[in-house]
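Please open the model in your viewer with the sequence panel alongside, and keep a selection tool to hand for the stops that follow.

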Amino acid sequence: MEALLGLAQGFAVALQPMNLFWCFVGVFLGTVIGVLPGLGPAATIAMLLPLTYSMPPTSAVIMLAGIYYGAKYGGSTTAILLNVPGESASVVTCLDGYQMARKGRGGAALGIAAISSFVAGTVGVVGLMLLAPPLAKFALTFSSPEYFALMSLGLAMVVLLAGASMIKALLAMLVGLWIASMGIDLFSDASRFTFGTTHLLDGIDFVIVAIGVFALGEVLGNMEKRGQGTLLPVPKGLRNLLPTMAELKACRFAFVNGSVIGFIIGVLPGAGSTIASFISYGVEKAVSRHPEKFGTGVPEGVAAPEGANNSETGGSLVPLLTLGIPGSGTTAILLAAFILWGLRPGPLMIQDNPELFWGLVASMYVGNVMLLVLNLPLIPLFAQILKIRDYLLYPIIFGISLIGVYTVSGSLFDCAMLAVFGLLGYLMRRLDYPSAPLILGLVLGDSMERALRQSLMMSSGDLSILVSRPISATMLILAVVLLFLPLFRKANTWRIKALEENG
Amino acid sequence: MTQSTYNKGDVISGAVLAALGVYIITEARNWSFTSSEGPGPAFFPIWYGVAMVVLSLLLVAGSVLRPSVNKGTAPTNWQGIGRALTVWAAFAASVALLNVIGFLMSFALLTLFIMVVMYGRPLKQSVIAAVGNAVGFYLVFVLALGLSLPVGPLGF
């Protein structure tokens, strides 16, 4: 009942013309960058974040969230038509989607992807709406030790699933923690790691690192290769995009499977939409009557991963909005955005900012409808975006990145730091260091240090406070188990296999 | 062709990170670790500094002791790396030029460089794109959004 009242209030916010407009801008931009291979939602949100400073926070959140879930719709287009995943989460969609396109059913594959994204995306929002308020109430009992343990658990999950080498993921996270502690200490007046320059007294702005590592790192990585893939012909006309009844019937279980698995994986930090799409594809194949046909172009092989990918959005917003703990690079940037606007996601967010929380939830219902309407008839148009040449696109990304950083502070020193972090992002890609743990370490570093030091103040320096409280002890034990899991050969083989099949 | 026996990237990056860890610990030793009020500013950095040294040494040791795990991986694409680093250097140069010639000029030059040098596009087409980019950015960011960008001696 409470949720329904909240939702009604949310629709009153989301349906205001201004918010409808920003929702549209968000899902449209999201679809466009989802279509463009090599430019992900994390990079786009980071680049556009500084431009939202002057907007009302609710409109800004609605737009940035629109980019987040819109990109997932767009990502499937390149996967199906080009066999190039626009986003890492679309890797699995390539398997059957591209095969369908080669058989001349590309239109139907795109249609199924859009319908499945709509169904599962909506289920994900319903899940968010129902799960977030009780979880927030539960989290109100948390104190510093629980928060420290929760953040440790979140980081452990991200590290476990970030890449083949856990040592590299851990190191990336530690570098993030180090960058987070630059500047004046929270509790004393000690200035830490400032290299003797006053520019670093306030620390390094999150936006600079995010844009550098995600946007510039991605473009520099793409610069290594010059060619572009060949595009399969884009089907024209709405009729060719509609799947047949038989195809839809084959997908019924996949819609449910994708929705549920995507949401559950989304709630868990670290796993993310790539893992969600992979698992739901695996489940779909396991329960299928004709598993041998998977990979040859079966519609349910498109519906399940695309659904999971979109349902994951709603799930991933649960820990972000109720606990203030992001589970991926993109949600970490959303968290930074909230903090920049002076909002602190956490258990009190729904109570303190109901119009923002419920407005966002309602806007996601609206956004999903917009995406369905946009995507079905406009897929041929969006596919044209693929014809934009790299040499036109990349300078524009450099320009927007630079403006994004310059508008934060008006400081040329920050622009120079952007170049430094761009190089770091590229080198991390080259040397196989995952970037998500670095960004999460950076975003959570301050809060984690604060929680740890406050806990120890509560206990007069006794570390056992972290393990003597049941909730915090459970979470810390889980975190340790996760980190030591790969030492067991069988578990590690499973982990690497999962990551490899993810591409 | 046999691959080198260990992954040079891992060894070098591991060594750099170990050095960073040592730097963090050395710096943190200048601040108090604990005080009467609880942990001091050095408390957290010492922990992650030590973790960084241990993990990076494990990374180096792992790649030296367990050589040639890379089963038939493609040889390093030095040409590609050169391309990426050249573009990075051009970007860094355009940042350095911001307060000399202003954002729009420096952005147009970067576009020109990427198109002509990196992609071998015809000069005329590249000049049109570079000017178009600069004008487009001026219209969107300066006129429409009212942002102030670094200006050069010509006032734009």
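Leaving aside its neighbours within four places in sequence, with which residues is Ala46(A) in contact? Select Ala46(A) in this predicted model, then add Val207(A), Ala210(A), Ile211(A), Phe214(A), Ala215(A) and Ile333(A), which are its contacts once those neighbours are set aside.

Keep Ala46(A) and Ile211(A) highlighted, since they are the residues with the most contacts inside the largest nonpolar core, a set of 212 residues. To extend the view of this core, select helix H5 of chain A, residues 91–139, which contributes 24 residues to it, the most of any element.

Next, select residues 57–82 of chain A, the 26 residues of helix H4, whose first and last C-alpha atoms are 37 Å apart, close to the 38 Å expected at 1.5 Å a residue. Centre on Ala71(A), where H4(A) bends by about 25°, and then step past the end of the helix to Asn83(A), which follows H4(A) and has a positive phi, near 65°. If you now bring back the surroundings, you will see H4(A) largely enclosed by the rest of the structure, because 25 of its 26 residues are buried.

Finally, turn to the place where the chains meet, with 43 residues of chain A in contact with 49 residues of chain B. On the side of chain A that touches chain B, select helices H7 (166–180), H8 (206–223), H16 (390–409), H17 (412–430) and H18 (436–458), each of which gives two or more residues; H16(A) gives the most, with 10. Colouring this side of chain A by residue class separates 29 nonpolar, seven polar and seven charged residues.

How values were computed:
Residues are numbered from 1 along each chain as its sequence is written. Chains are lettered from A and ligands numbered from 1 in the order in which they are written. This is a predicted model: local features need pLDDT of at least 70, side-chain atom pairs count only at pLDDT 80 or more; totals for chains, interfaces and linings use all residues. Helices (H or I, at least four residues) and strands (E, at least two) are DSSP runs, numbered from the N terminus. The expected span of a helix is 1.5 Å times one less than its number of residues. The bend at a residue is the angle between axes fitted to the seven residues ending there and the seven starting there. A residue is buried if 20 or more other C-beta atoms lie within 10 Å of its own, exposed if 12 or fewer, and partly exposed in between; C-beta atoms are placed from the backbone. A nonpolar core is a set of buried Ala, Val, Leu, Ile, Met, Phe, Trp, Tyr and Cys residues joined through C-beta atoms within 7 Å. Two residues are in contact if their C-beta atoms, placed from the backbone, lie within 7 Å. Ala, Val, Leu, Ile, Met, Phe, Trp, Tyr, Cys and Pro count as nonpolar, Asp, Glu, Lys and Arg as charged, and the others, Gly among them, as polar.
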